[in-house]
Amino acid sequence: MSDEEYAAWRNHFITLFDRLPAPVAICRADGEIAAANPAMAAEWGTAPGRVRGRNLLDLFRPSATPQLERLAEAVRLGRRSRYTIDVRWPGPGGTERQGELLVDPVGEPSRTYPMLLAVLRPRERAAAPPVVEVGEVEGRILALAAGGATTAAIGKAVGLTVDGVNYHLARLTRRWRVPNRTALVAKAYVLGVLTPGQWPPEPARRPRGG
């Protein structure tokens with residue numbers, strides 16, 4: 001594969017990775033996160049770059065130690081099966097979230113430890129009210145959008161790709177049930193997510209949504 005082909009393939013992979021709606025991370029065998037998509041980073045209200053380099057065990061609390069032990073043994077023995085770990089973690093606004101972390105050792109069998117593909121499957125509580133807070137990154141995206149910044153300019157300011165910015169905007173549009181970006185900004189002001197009477201627009205100190 002030539003350098004040009006490799007660069008094209010890598011850019012294509014990054015684009016697809018950013019567009020995945022499911023929270024996904026690629027980790028080393030010891031749990032260190034090598035890459036996380038915007039959906040995964042959004043679970044903590046932050047950007048992918050701020051999750052990279054952290055350990056899965058610093059972000060998630062396993063509910064059952066034996067599940068983690070089985071995964072560690074599988075990695076040590078070079079097994080290639082999917083392992084499910086029940087986890088808890090603090091979501092944006094400090095609300096506790098629960099779900100399953102699906103972990104697959106990936107790569108060809110070898111003497112070296114494989115990489116791990118971790119897919120988060122959040123579990124919503126039927127009786128719990130929806131999480132209404134927006135994360136720090138989403139608040140900044142909304143403020144920049146309110147100020148008229150282009151998607152590319154927003155991405156540069158918050159450290160995301162264009163697809164990453166579009167993911168957050170689409171996520172908020174669906175959550176707040178609005179038809180477009182203009183309505184999204186208007187609702188952000190109505191809900192108190194953006195500070196009224198402030199120019200350039202700024203996120204409220206304690207953003208919330210509905």
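Q: In this predicted model, what is the bridge partner of I26 in β2?
A: I26 is bridged to A35 in β2. In β6, the partner of I26 is L117.

Q: What makes β1 and β2 a pair of strands?
A: Pairing requires at least two bridges between the strands. Three bridges join β1 to β2 (residues 33–36), in the antiparallel sense, so the two strands pair. In their hairpin, five residues lie between the strands, and G31 takes a positive phi near 95°.

Q: How do you know that β1 also pairs with β6?
A: Strand β1 (residues 24–27) and strand β6 (residues 115–123) are joined by four bridges. The criterion is at least two, therefore they count as paired. These strands run antiparallel.

Q: Why is the contact of R123 with D86 called a salt bridge?
A: The closest N and O atoms of R123 and D86 are 3.5 Å apart. A side-chain nitrogen of Arg within 4 Å of a carboxyl oxygen of Asp satisfies the rule, so the pair qualifies. R123 belongs to strand β6 and D86 to strand β4 (residues 83–90), 37 residues apart in the chain.

Q: What makes R121 and E100 a salt bridge?
A: Their closest N and O atoms are 3.2 Å apart, and the cut-off is 4 Å; therefore the pair is counted. R121 lies in strand β6 and E100 in strand β5 (residues 96–106), with their positions 21 residues apart in number. D86, E100, R121 and R123 are linked in a network of salt bridges.

Q: Why are R123 and D86 classed as they are, buried, partly exposed or exposed?
A: R123 has a relative accessible area of 37% and D86 has 25%. Buried means under 20% and exposed over 50%, so both residues are partly exposed.

Q: How do you know that R50 and E136 form a salt bridge?
A: The N to O distance between their side chains is 3.5 Å. The limit is 4 Å, so R50 and E136 meet the rule. The pair links helix α3 (residues 48–51), which holds R50, to helix α6 (residues 136–146), which holds E136. By this rule the model has ten salt bridges.

Q: Why is T151 called buried or exposed?
A: The relative accessibility of T151 is 17%. Buried means under 20%, so T151 counts as buried. T151 lies in helix α7 (residues 151–158). Leaving aside neighbours within four places in sequence, T151 is in contact with V162, V165, N166 and R181.

Definitions and conventions: Residues are numbered from 1 along each chain as its sequence is written. This is a predicted model: local features need pLDDT of at least 70, side-chain atom pairs count only at pLDDT 80 or more; totals for chains, interfaces and linings use all residues. Side-chain values use heavy atoms; hydrogens and water are left out. Buried means under 20% relative accessible area, exposed over 50%, partly exposed in between (1.4 Å probe, protein chains only). Contact means heavy atoms within 4.5 Å.
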